[in-house]
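User: Could you pick one part of this model and take me through it slowly? I'm new here, and I'd like to know what touches what.

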Amino acid sequence: TLPHLTVLHLTVATVDGFILMTQRSYKVAYHPGTWSCSIEEQLGSDDLAGGEQEAMGRWVRRTLREELGLSATQAANSDARILGVFLEADVLNVGVATLVTLDMRRDELDGRIRDWPRDDYEFTDWRFVEWADLAAHLVHPTVRPHPSTGLRMFLSGMVKYGVHTFCEQVDRELRLTESGKATAAG
């Protein structure tokens, strides 16, 4: 028994090179109206039924079905990877940062989200970011991000590109910011 929640912070990628970003509903308890990379879901008792060995897989598949309206088959065909475990300091929840790649293209996922009734509507808007633009979105967010969005972007970028390459991409974006400030001041 944990005194606080255990929450899956799931970054959702498509096979054609996009990451899902969602705007959290104003009805949710934590960080309403912020933009997530991509979705969150609390650990449920059903996720633990049937043994600990498969709990993570059940949790990810349930999240994909409930939050994105994926079928059981589509959820089962996803490739999930745990990136890290962290403490959400403001609420003392244990967070599990995970990257899942769906066996779907962006247009398929967009259509599924738009047209298929979901069990729950914890997000009200969504958009897609290309992997190639991830560092720019991390350094220069154009929307108010969920507190774990930066961490998820950073960890996902390191998995996708490797630590050295992604850190170079982030550094390049930071230098662009600094040179822009110097130009504006000069």
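Analyst: Let's start with a ruler for how hidden a residue is: buried means under 20% relative accessible area, exposed means over 50%, and partly exposed is anything in between, using a 1.4 Å probe and protein chains only. You're looking at a predicted model, in which local features need pLDDT of at least 70 and side-chain atom pairs count only at pLDDT 80 or more, while totals for chains, interfaces and linings use all residues. Residues are numbered from 1 along each chain as its sequence is written, and side-chain values use heavy atoms, with hydrogens and water left out.

The part I'd pick is α4 (106-115), together with what surrounds it. Helices (H or I, at least four residues) and strands (E, at least two) are DSSP runs, numbered from the N terminus.

Come in by way of D103, in the loop between β6 and α4. D103 counts as exposed because its relative accessible area is 55%. What does D103 contact beyond its neighbours within four places in sequence? It's V15 and N77, where contact means heavy atoms within 4.5 Å. V15 is quite a jump along the chain: 88 residues separate it from D103 in sequence, yet their C-alpha atoms are 5.9 Å apart in space.

Now step onto the helix. Within α4, the buried residues are L109, G111, R112 and I113. A handy rule for any α-helix is that it has 3.6 residues a turn, so residues three or four places apart point the same way. As for what covers the buried residues of α4, the list includes β1, β2, α2, α3 (72-76) and β7.

L109 makes a good place to stop. Setting aside residues up to four places away in sequence, L109 touches V12, T14, L20, L68, L70, L102, M104 and F128. L109 also appears, with V12, L64, L68 and L102, among the residues that have the most contacts inside the largest nonpolar core, a group of 20 residues. Such a core is a set of buried Ala, Val, Leu, Ile, Met, Phe, Trp, Tyr and Cys residues joined through side-chain atoms within 4.5 Å. Two or more residues of this core come from each of β1 (6-13), β2 (18-24), α2 (55-68), β6 (93-101), α4 and β7 (123-130). The biggest contributor is α2, which gives 4 residues. There's a second, separate core as well, with 19 residues, L83, F86, A97 and L99 included.

Next, the arginines of this stretch. R106 lies over the face of F18, 4.2 Å from the ring centre. R112, one of the buried residues in α4, has its charged end over the ring of W116, 4.5 Å from the centre of that ring. The rule for a charge over a ring is NZ of Lys or CZ of Arg within 6 Å of the ring centre and within 35 degrees of the ring normal.

While we're on rings, let's look at how they meet each other. The model holds 4 aromatic pairs. One of them joins F123 and W126 edge-to-face, with 6.2 Å from centre to centre and 85° between the planes. Another, Y161 with F166, is stacked: the centres are again given as 6.2 Å apart, and the planes make an angle of 5°. The labels work like this: rings of Phe, Tyr and Trp (its six-membered ring) pair if their centres lie within 6.5 Å, and planes under 30 degrees apart count as stacked, over 60 as edge-to-face and the rest as tilted.

How hidden are these rings? F123 is buried because its relative accessible area is 4%. In the stacked pair, F166 counts as buried at 0% relative accessibility, whereas Y161 is partly exposed at 27%. Y161 and F166 also belong to one aromatic cluster along with W131 and F154.

Two backbone details elsewhere round off the tour. Between C37 and S38 there's a cis peptide bond, with omega at about 15°, and S38 sits in the loop between β3 (35-36) and β4. H31 is in the loop between β2 and β3; its phi is near 55°, a positive value in a residue other than glycine. H31 is called partly exposed because its relative accessible area is 21%.
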